[in-house]
Amino acid sequence: MAHDSGILFDFDGTLVDSGGAILAAYRRTFEEELGVPLPAELEDVHVLMAPRPIEVFATWSDGDPAELVQAYGRHYIGGAYENVRPYDGTFELISELTSSGTKFGIVTNKSRKRLLLDLDWVGIDPALLSCLVTADDSVQRKPDPTPIYIGIERSGIDPAGSWYVGDGPQDILAGRAAGLGTAGANYGYYGAELLSPHGPDRSLDTPLEALGILASSLPHS
């Protein structure tokens with residue numbers, strides 16, 4: 001049974017900036033598999049973050065979406081991931097959470113293979129995390145709360161007093177539906193303008209500000 005408060009995090013746009021990696025993988029897929037440049041509107045990483053890869057290829061290419069998704073994964077793993085960078089403050093955040101004994105984990109729509117590759121590349125030890133929930137663990141994706149329910153169960157946190165931190169509207173919606181407090185990472189891909197209409201309980205301008213949310217009282221508590 002869950003007893004402890006804790007924090008679950010989105011990954012891309014919350015703990016790391018993977019925009020360059022995602023763009024690189026898409027560029028290589030379009031150029032090498034389709035022989036065309038990446039469509040101009042997809043050069044905006046904000047456009048790329050919302051749809052799934054299969055939806056991107058179904059909308060913006062004439063190729064077989066399933067085959068292109070496989071190619072995208074190969075290009076990501078083949079070197080595009082080296083463009084992933086931790087946000088300033090991410091390592092300090094993890095160090096403080098670990099030192100204080102706070103349970104924290106990652107719940108992401110990303111595949112487990114790519115997540116583990118990214119963690120290794122930036123130097124985050126998965127053993128420090130109370131849970132890793134990825135696209136491999138549920139057919140439902142955020143904003144559906146199912147992945148967060150899985151994170152709550154695996155990490156052993158009590159939803160009352162615990163939080164989900166993410167940079168997208170889907171994160172706020174999923175966290176709220178799962179009964180967690182929600183904190184919007186304004187420094188991520190979507191920004192405050194797109195997050196604020198969804199009413200996150202708290203707004204963060206840096207990763208380190210997440211250290212203060214466990215001590216915060218929720219508006220609905």
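Angles between helix axes under 35 degrees count as roughly parallel, over 145 as roughly antiparallel and 65 to 115 as roughly perpendicular, with the rest called oblique. In this predicted model, helix H3 (residues 53-60) packs against helix H4 (residues 65-77) at about 125 degrees, so the two are oblique to each other. Their axes sit 9 Å apart, and the crossing of H3 past H4 is right-handed. On the H3 side, Pro-53, Ile-54, Phe-57 and Ala-58 make the contact, while H4 brings in Pro-65, Ala-66, Leu-68, Val-69 and Tyr-72. Sorted by class, that comes to nine nonpolar residues, with no polar and no charged ones.

Next comes the largest pocket, with a volume of about 840 Å³. It is lined by 35 residues, and those closest to its centre are Pro-53, Asn-109, Lys-110, Arg-114 and Arg-141. Pro-53 thus turns up here as well as in the contact of H3 with H4. Several helices chip in at least two lining residues each, namely helix H1 (19-34), helix H2 (45-49), H3, H4, helix H6 (112-122) and helix H8 (169-177). H4 gives the largest share, with seven residues. The pocket lining is a mix by class: 16 nonpolar, seven polar and 12 charged residues.

As for enclosed space, there is one cavity of 30 Å³ or more. The largest cavity holds about 30 Å³, and its lining is made up of Thr-108, Asn-109, Thr-134, Ala-135, Gln-140, Arg-141 and Pro-147. Four of these lining residues are polar, two nonpolar and one charged. Asn-109 and Arg-141 line this cavity and are also among the residues closest to the centre of the largest pocket.

How values were computed: Residues numbered from 1 in each chain as written. Predicted model: local features only at pLDDT ≥ 70, side-chain atom pairs only at ≥ 80, totals over all residues. Heavy atoms only, no water. Axes fitted to C-alpha atoms, helices over the stretch in contact; angles between N-to-C directions. Helix = DSSP H or I, 4+ residues; strand = E, 2+ residues; numbered from the N terminus. Left-handed = near helix turned anticlockwise from the far one by under 90°. Contact = heavy atoms within 4.5 Å. Nonpolar A, V, L, I, M, F, W, Y, C, P; charged D, E, K, R; others polar. 1 Å grid on protein atoms, 1.4 Å probe; cavity = no way out; pocket = protein on both sides within 12 Å on 5 of 7 lines; lining within 4 Å. Points joined across faces, edges and corners; volume = space filled by probe spheres on them.
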